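Trainee: Could you take me closely through one part of this model, the helix packing, and then place it in its wider setting?

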Amino acid sequence: YAALLRTAVNDCAVGERKERRKRTILVDCACGVGYPKIQLIRQHLQLLRLDDGCNVVNIHPINGSEDGPLNDRCGAEFVQKNRLPPTIYGASTAKSTNKKLNVGIMKTPYHYMASLDGDADRIVFHYQKHSDGISNNDWLEFRLLDGDKISVLISSFIQEEIRHLQKIFSSNDDNGGKEGKTNASQVKCGIVQTAYANGSSTSYLKNIVKTQVVTAKTGVKYVHSAAHENFDIGVYFEANGHGTILFGPAFYSLMFQSESYFLSHSSHQTQNKTRANIAWRRLRVLPSLVNQAVGDALSDLLLVDAILYLKSWDLGLWDGIYEDMPSRQFKVKVQDRSVITTNHNETRALTPTSLQPALDAAMKAMASSHSNNKNDQMNVPPPRCFVRPSGTENVVRIYAEAQTQRDADALASEAIMLVYRLCGGVGEIPAIFGSKL
């Protein structure tokens with residue numbers, strides 16, 4: 001498997017790049033099973049050289065299975081939920097006798113950092129933002145690139161390559177427009193998100209990437225099924241970093257027809273240098289580079305790095321494609337969670353019947369308070385809030401987002417009060433952030 005990934009990542013990174021740069025990724029393995037596998041992949045990559053002679057990415061794993069407690073203040077879940085850098089266990093990582101080391105004193109220089117979870121099926125990326133850019137010293141702000149940012153990066157890359165490949169089908173050649181042939185424009189690409197996806201990511205996908213977005217019920221089995229049913233190339237990543245890409249028959253048909261086209265035009269000496277050919281060579285290896293059956297943080301790591309390398313991006317440029325809407329999550333204990341039901345993708349409450357109109361009124365009031373704000377003219381998503389029952393305990397989960405953290409907190413507090421009053425809340429009313437609605 002490691003050898004397959006090694007070959008695939010090398011084949012994906014074809015074509016000219018604006019700069020040839022070596023880079024090191026620090027990989028937090030959450031003291032889990034991903035550590036020995038990352039070491040194996042690292043060994044394979046060290047044997048490999050890209051086609052232009054530039055060294056492949058250097059992966060430096062930390063937080064091995066014997067370095068510390070599993071997922072304890074480290075790993076993808078901790079980093080994503082707490083918006084904090086991971087604890088680094090093990091004195092071997094830095095010159096210190098302290099077993100719990102802050103990331104800022106790492107001796108190994110690195111360009112960016114990723115965190116896996118304990119069983120290596122989730123991944124998130126992060127860095128510390130300095131006033132002058134990205135630096136390994138004098139941290140100012142922790143920045144997280146979660147599953148939303150991963151799905152946007154991958155989808156944007158695939159859409160761009162498909163558009164370049166489409167050029168060979170736009171002319172009246174043997175492959176274009178005939179019955180039984182798959183035109184590149186007919187390959188349906190899209191993203192599956194859950195209601196928890198940040199509104200800024202959805203807006204960016206629809207308005208900038210120009211791709212289709214489907215919202216599915218929370219849970220891998222639901223988003224995976226939606227990606228399979230709705231798209232020929234379906235990308236999904238939950239906010240926690242668990243996800244993959246699914247490729248349907250139309251994609252493989254397009255790859256076969258593209259190969260036939262390039263073989264039939266091989267007499268043209270400049271053909272192999274065309275951008276469409278490069279796009280085909282990149283796209284055809286993607287099924288080997290991703291695990292379509294289940295989320296695989298190791299292959300996701302290599303794919304994201306390959307895309308960043310091809311774009312000559314660092315995490316700061318990737319992070320800057322859009323700014324997340326501030327959000328707040330909360331949960332309210334109720335006597336019976338079955339009292340609340342939702343629609344098929346959990347974006348609207350169906351029962352109690354009075355709940356959704358009340359939530360709509362709160363969102364409308366929040367939006368009205370910003371009607372004269374200049375952000376309204378910048379395509380900023382409107383305030384949003386939804387509630388859903390837990391699948392395992394008698395609680396109702398609440399999500400709210402708005403233009404500012406204060407507004408997100410206010411909207412969440414309004415939802416908390418509505419759920420407590422209308423859905424049979426028990427115990428003390430949860431802490432209120434201060435509603436101004």
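Mentor: Happy to; we will start with the packing, then turn to sheets, loops and confidence. This is a predicted model, in which local features need pLDDT of at least 70, side-chain atom pairs count only at pLDDT 80 or more, and totals for chains, interfaces and linings use all residues. Residues are numbered from 1 along each chain as its sequence is written, and side-chain values use heavy atoms, with hydrogens and water left out.

Two packed helices are described by the angle between their axes and the distance between the axes. Helices here are DSSP runs of H or I with at least four residues, strands are runs of E with at least two, and both are numbered from the N terminus. Axes are lines fitted to C-alpha atoms, for helices over the stretch in contact, with angles from 0 to 180 degrees between N-to-C directions.

Let's settle on helix 1, residues 2–12. With helix 10 (residues 297–311), the packing angle is about 20° and the axes are 10 Å apart. That makes the pair roughly parallel, a label for angles under 35 degrees (over 145 is roughly antiparallel, 65 to 115 roughly perpendicular, and the rest oblique). The crossing of helix 1 and helix 10 is right-handed, in other words the near helix is turned clockwise from the far one by less than a right angle (anticlockwise would be left-handed). Leu5, Val9 and Cys12 of helix 1 make the contact with Ser299, Leu302, Ala306 and Leu310 of helix 10, where contact means heavy atoms within 4.5 Å. By class, this contact of helix 1 with helix 10 holds 6 nonpolar residues, 1 polar and no charged. Ala, Val, Leu, Ile, Met, Phe, Trp, Tyr, Cys and Pro count as nonpolar, Asp, Glu, Lys and Arg as charged, and the others, Gly among them, as polar.

Helix 1 also meets helix 2 (residues 34–46), their axes coming within 9 Å and crossing at roughly 45°. Helix 1 and helix 2 are therefore oblique to each other, and this crossing is right-handed. On the helix 1 side are Ala2, Ala3, Leu5, Arg6 and Val9; on the helix 2 side, Leu40, Ile41, His44 and Leu45. The contact of helix 1 with helix 2 has 7 nonpolar, 1 polar and 1 charged residues.

Now for the sheets. One open sheet has 4 strands in the order 10-9-11-12, with mixed pairing; two strands pair if DSSP finds at least two bridges between them. Strand 10 (212–215) and strand 12 (243–247) each have a single partner strand, so one side of each lacks a neighbour in the sheet. Strand 11 (residues 233–237) runs antiparallel to strand 12, joined by 5 bridges, and Phe237 stands opposite Gly243. Another open sheet, of 3 strands in the order 13-17-16, is paired antiparallel.

Two loops deserve a glance. The peptide bond from Thr351 to Pro352 is cis, with omega near -5°, and Pro352 is in the loop between strand 15 (349–351) and helix 12 (355–368). Arg73, though not a glycine, has a positive phi of about 55°; Arg73 lies in the loop between strand 2 (58–62) and helix 3 (75–82).

Finally, confidence: the mean pLDDT (the predictor's confidence in each residue, from 0 to 100) of the protein chain is 85, and 81% of its residues reach 70 or more. Over residues 91–105 the pLDDT is below 50, and this stretch has 31 contacts in the model beyond near neighbours in sequence.
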